[in-house]
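Reader: I'd like to understand the labels people put on a model like this one. Please show it to me, and then I'll keep asking why things are called what they're called.

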Amino acid sequence: FQDTRHIDRQRNEPWLVAFELERGVSLLDTGGDWPVRVGGGMVLNSGSRSQSKKWSRAIYRQYQGVEGIYYPSSLTNASCVALYERARSALPAAPVYNRPLRSRHLFALLTQLADRLNFTMS
């Protein structure tokens, strides 16, 4: 939705899914000064996706005990997590919340979010 600044509740049938991990996972924090210390910069978290993917592949190879990345959102600076398949055993059998974005139960929440971010919604 970030590229178009539009929340399309129908296209590609997006869902909102929430889950609680079964155990702690080892995450690499790519915020703060870590990117600079390893020869990069904050562009790692806010640059092109192709560059971020290259960094992620390198992190995956170099840090074999890391199960995912903890990073600041390039859109809102909120904390985000991306898990590698190494964290599979931490995933629960079922989510705690699972609804399609087109659900009437999510309409008010998505409307508020779209308004706050100055996005449109359909």
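Author: Let's start with how residues are sorted: Ala, Val, Leu, Ile, Met, Phe, Trp, Tyr, Cys and Pro count as nonpolar, Asp, Glu, Lys and Arg as charged, and the others, Gly among them, as polar. This is a predicted model, where local features need pLDDT of at least 70 and side-chain atom pairs pLDDT 80 or more, while totals for chains, interfaces and linings use all residues. Residues are numbered from 1 along each chain as its sequence is written, and side-chain values use heavy atoms, leaving out hydrogens and water.

Reader: How do those classes work out for the lining of the second largest pocket?

Author: The lining is made of Phe1, Gln2, Asp3, Thr4, His6, Asp8, Arg11, Asn12 and Pro14. Sorting them gives 2 nonpolar, 4 polar and 3 charged residues.

Reader: What makes a residue part of that lining, and what makes the space a pocket?

Author: Picture a 1 Å grid over the protein atoms alone: a pocket is an open set of points with protein on both sides within 12 Å along at least five of seven lines, and a lining residue has an atom within 4 Å of a point (a cavity, by contrast, is where a 1.4 Å probe fits but cannot get out). The volume here is about 170 Å³, meaning the space filled by probe spheres set on the points, which are joined across faces, edges and corners.

Reader: What is the overall build of the protein?

Author: There are 4 helices and 7 strands, in the order β-β-β-α-α-α-β-β-β-α-β from the N terminus on. Those come from DSSP runs numbered from the N terminus (helices are H or I with at least four residues, strands E with at least two). The C-alpha atoms fill a box of roughly 45 × 35 × 20 Å along the principal axes.

Reader: Why is Ile7 called buried or exposed?

Author: Buried means under 20% relative accessible area, exposed over 50%, and partly exposed in between (1.4 Å probe, protein chains only). Ile7, in strand S1, has 3%, so it counts as buried. Of the 122 residues in the protein, 25% are buried.

Reader: And Asn12, from the pocket lining: what is its class?

Author: Asn12 has 68%, so it is exposed. It sits in the loop between strand S1 (6–7) and S2, and its phi is positive, about 65°, although it is not a glycine. Asn118 also has a positive phi, near 60°; that residue lies in the loop between H4 and strand S7 (120–121) and, at 62%, is exposed.

Reader: How do you know that Arg23 and Glu67 form a salt bridge?

Author: The rule asks for a side-chain nitrogen of Lys or Arg within 4 Å of a carboxyl oxygen of Asp or Glu. For Arg23 and Glu67 the N to O distance is 2.6 Å, so the pair qualifies. Arg23 is in the loop between S2 and S3 and Glu67 in the loop between helix H3 (49–62) and strand S4 (68–72), so the bridge ties together parts that are 44 residues apart in sequence. With 11%, Glu67 is buried, whereas Arg23 is partly exposed at 32%.

Reader: How many salt bridges does the structure hold?

Author: It holds 2. Asp33 and Arg37 also meet in one, at 3.1 Å, N to O, so they pass the same 4 Å test. Asp33 has 48%, so it is partly exposed, while Arg37 has 58% and counts as exposed.

Reader: Which residues form the nonpolar patch on the surface?

Author: They are Trp15, Val17, Phe19, Leu21, Leu27, Tyr70, Val81, Leu83 and Leu91, with about 740 Å² of accessible area together. Strand S2 (15–18) and strand S5 (79–83) are the elements that give two or more residues to it.

Reader: What makes Leu27 eligible for a patch?

Author: A patch takes residues with over 30% relative accessible area and no salt bridge, joining nonpolar side chains (Val, Leu, Ile, Met, Phe, Trp, Tyr) within 5 Å and like charges within 9 Å. Leu27, in strand S3 (residues 27–29), has 32%, so it clears the 30% mark and is also classed as partly exposed. The areas come from the Shrake-Rupley method with a 1.4 Å probe, and for residues only the protein chains shown count as cover.
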